[in-house]
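Please look through the model below before reading my points, and keep it open beside you as you go. I have grouped my remarks by topic so that each can be checked on its own.

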Amino acid sequence: MSVSHSDVLIIGGGVAGLTLALTLASRYKVTLIRPAQDDQGASRWAQGGIAAVLSPTDNLDAHVQDTLIAGDGLCDEEAVRFTVENGPAAIKWLIDSGVPFTPDSAPDAPFPYHLTREGGHNARRIIHADDATGKAVIDTLHHNAQQHPNITQRNNLVVVDLFANQAGACSGAVAVDSEGQSHTLYAHYTVLATGGASGLFQHTTTPSPNSGEGMMMAANLGATLMNLEFQQFHPTCLYDPDGPAFLISEAVRGEGGRLLNQQGERFMPDIDVRAELAPRDVVARAIDAQIQAGTLGHVWLDISHLDEAVIRHHFPTILAHCASRGIDITRAPIPVVPAAHYSCGGVSTDLNGATDVSHLYAIGEVACTGLHGANRMASNSLLECLVFARSCAQALLARPAVTSFPPSDNKAILTTSNCSAPDSAALQTLRQSMRASMSQYLAIVRRQEGMATLDQTLSELTDQLSMLDPDTRHPDSRRLKHSLQLARMSVLAAQQRHESRGLHFSPDWPEQMPVARPSRLRLADLQEPAIR
Ligand SMILES: Cc1cc2nc3c(=O)[nH]c(=O)nc-3n(C[C@H](O)[C@H](O)[C@H](O)COP(=O)(O)OP(=O)(O)OC[C@H]3O[C@@H](n4cnc5c(N)ncnc54)[C@H](O)[C@@H]3O)c2cc1C
């Protein structure tokens, strides 16, 4: 077992974690925990781009309005305005950091970089690096972080717990390495940048999604979780039962892609005036209805009517991936299905990423700032990662210089070491059952009856886990326990919402309540003790 100390411990090295590390490193010694492989988490897979008001023909109020409309009455307007207003500076920081965004060489271009449109945006405001924006941002920021003397990267650790001192302030984390050795990481400030919880569901848009472990680690320390019922399903994931998860970016619809049903007919114009560019929840439900009514198991997304050169220029990654799966998108439509994609809910924070646990911050998809409300608008999430990482950095830099480390509760630190491994195949089976049940009962359409069944199933899986590892001390069972707790809290949040709003659609409660209220839950609401 090793012990280390840092001023700031950042858990997760996607766009949020890397941005924070680079912004803080001027003054603080930072420890950044990120896996050696960039295919973990979501950032590396982001395709479409980052929304911000960059064109002189666009304006901040328009971006605010579009975000509020997509959020279906549940956005925190202050968080929306804060994000939108700080967007252009965040993009400038990325450009100055060297991210190779796609230029716009047209003589009448309003901005030096190409801006595309996506669902819900009433202007071209998505800056991108071809159709692989996340990879371009991650590669650049990671390269810069590797050069920085104040950033120590630990890329063989998985964090399993946070711990607090007697005053309840977070004072670090416990991690395990690939050999199963535990490591205690003391920190004056701990920042969760662990991504979302799409991995609670069976079908996802990334091959290695997060399962919200960071959210539950925070909840076990007393943090509030907010809006967990609003899980976004991306309408268009490649339907490929034998291949890896692969997203077909919304930009395909932004550039003119048409959704076709089994009969080859467009169905979106009859449902929404914005047709294929309606917000994601509207499009995902419409696709779901078409799939339920047909026998194919998917719908089609057709872009073959566009000029081949345009397709090759804008969508080289999608073109190459589909070609590798036997689909020539310049000639044939793409089979697509909705898949779990983005968690609008998470650890409740203020505009600086502060949670309600002292010395614990959360940024990026693990957090719930109020920006997305009941439905995230396309390309606003990378923007949120950047803006809140930067505001969190400013808040930490403004705090008094770190002098000493707070005393910690050693009992918590010892919990994961020296315990025997439970049957890993049995744990895997429990996790698969959880994901299948979540997809069956808490996906695009939820019913009270199905959610009651789901709650019962999750309780049974929790009991089975307790039989396999009574104290859940082993890291693998501890992580599964966190996932099961988060799944149950998500069900509870959905059961308590007696309306249909944004991503939460229930035929049992088809109307909207007159006043939109965010959901807020603590672990105690599950009537289950914190993991100790
Ligand atoms: C396919 C796809 C396409 C997308 N396209 C866009 C887009 O075009 N525009 C947009 O704005 N958004 C897009 N999104 C959403 C956006 O990519 C994510 O919201 C964003 O990247 C989240 O970044 P993050 O830094 O918060 O988390 P992530 O990038 O998910 O990073 C989290 C990191 O934390 C690590 N981690 C998690 N748990 C632990 C632990 N216990 N111990 C140690 N490390 C841990 C993970 O390994 C990972 O490295 C897309 C998402 C997907 C899945």
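## Notes on the predicted model

1. I begin with a cysteine, and with a reminder that this is a predicted model. Cys-392 has a relative accessibility of 0% and therefore counts as buried. Its sulfur has as its closest cysteine sulfur that of Cys-385, but the two are 12 Å apart, which is too far for a bond.

2. The structure as a whole holds zero disulfides. Cys-75 is accordingly in no disulfide, and the nearest cysteine sulfur, belonging to Cys-344, is 9.0 Å away. Because a disulfide here requires two cysteine sulfur atoms within 2.5 Å, that distance does not qualify. Cys-75 is also buried, because its relative accessibility is 13%, and the cut-off for that word is under 20%.

3. Turning to the ligand, which residues come nearest to it? There are 38 residues around the ligand, and the nearest of them are Ser-43, Gly-49, Glu-365, Ser-381 and Leu-382. When these surrounding residues are sorted by character, 17 are nonpolar, 19 are polar and two are charged.

4. Several polar atoms of the protein can be placed against oxygen atoms of the ligand. In the side chain of Ser-43, an N or O atom is 2.5 Å from an oxygen atom of the ligand. From the backbone, an N or O atom of Val-15 lies 3.3 Å from a ligand oxygen atom, and a polar backbone atom of Ser-379 is 3.4 Å from an oxygen atom of the ligand. On its own the ligand has 1000 Å² of accessible area, and the protein covers 96% of this.

5. Which helices and strands supply at least two residues each to the shell around the ligand? They are α1 (15-24), β7 (157-164), β14 (334-343) and α10 (380-398). The largest share comes from α10, which gives four residues to the shell.

6. Strand β14, which also contributes to the ligand shell, deserves a closer look. Ten of its ten residues are buried, so β14 is largely enclosed by the rest of the structure. Strand β11 (residues 231-238) runs antiparallel to β14 and is joined to it by six bridges, and within this pairing His-234 has Ala-339 of β14 as its bridge partner. Strand β13 (residues 299-302) is likewise antiparallel to β14, with three bridges between them, and here Val-299 stands opposite Val-336 of β14.

7. There is also an open sheet of four strands, in the order β17-β15-β10-β18, and its pairing is mixed. Strands β17 (367-368) and β18 (520-521) stand at the edges with a single partner strand each, so one side of each has no neighbour in the sheet. The partnership of β10 (residues 225-226) with β18 is antiparallel and extends over two bridges, and in it Leu-225 is matched with Leu-521 of β18.

8. Finally, is Phe-246 buried or exposed? This residue is found in the loop between β11 and α6 (250-254), and it counts as buried because its relative accessibility is 7%. Phe-246 also illustrates how separation along the chain can be set beside distance in space: Phe-246 and Pro-207 are 39 residues apart in sequence, while their C-alpha atoms are 7.7 Å apart.

Methods
Residues are numbered from 1 along each chain as its sequence is written. This is a predicted model: local features need pLDDT of at least 70, side-chain atom pairs count only at pLDDT 80 or more; totals for chains, interfaces and linings use all residues. Side-chain values use heavy atoms; hydrogens and water are left out. Buried means under 20% relative accessible area, exposed over 50%, partly exposed in between (1.4 Å probe, protein chains only). A residue is near a molecule or strand if one of its heavy atoms lies within 4 Å of it. A polar contact is a pair of N or O atoms within 3.5 Å; within protein, one must be able to donate a hydrogen and the other to accept it, and residues adjacent in sequence count only if both atoms are side-chain atoms. Accessible areas come from the Shrake-Rupley method with a 1.4 Å probe; for residues, only the protein chains shown count as cover. Ala, Val, Leu, Ile, Met, Phe, Trp, Tyr, Cys and Pro count as nonpolar, Asp, Glu, Lys and Arg as charged, and the others, Gly among them, as polar. Two strands pair if DSSP finds at least two bridges between them.
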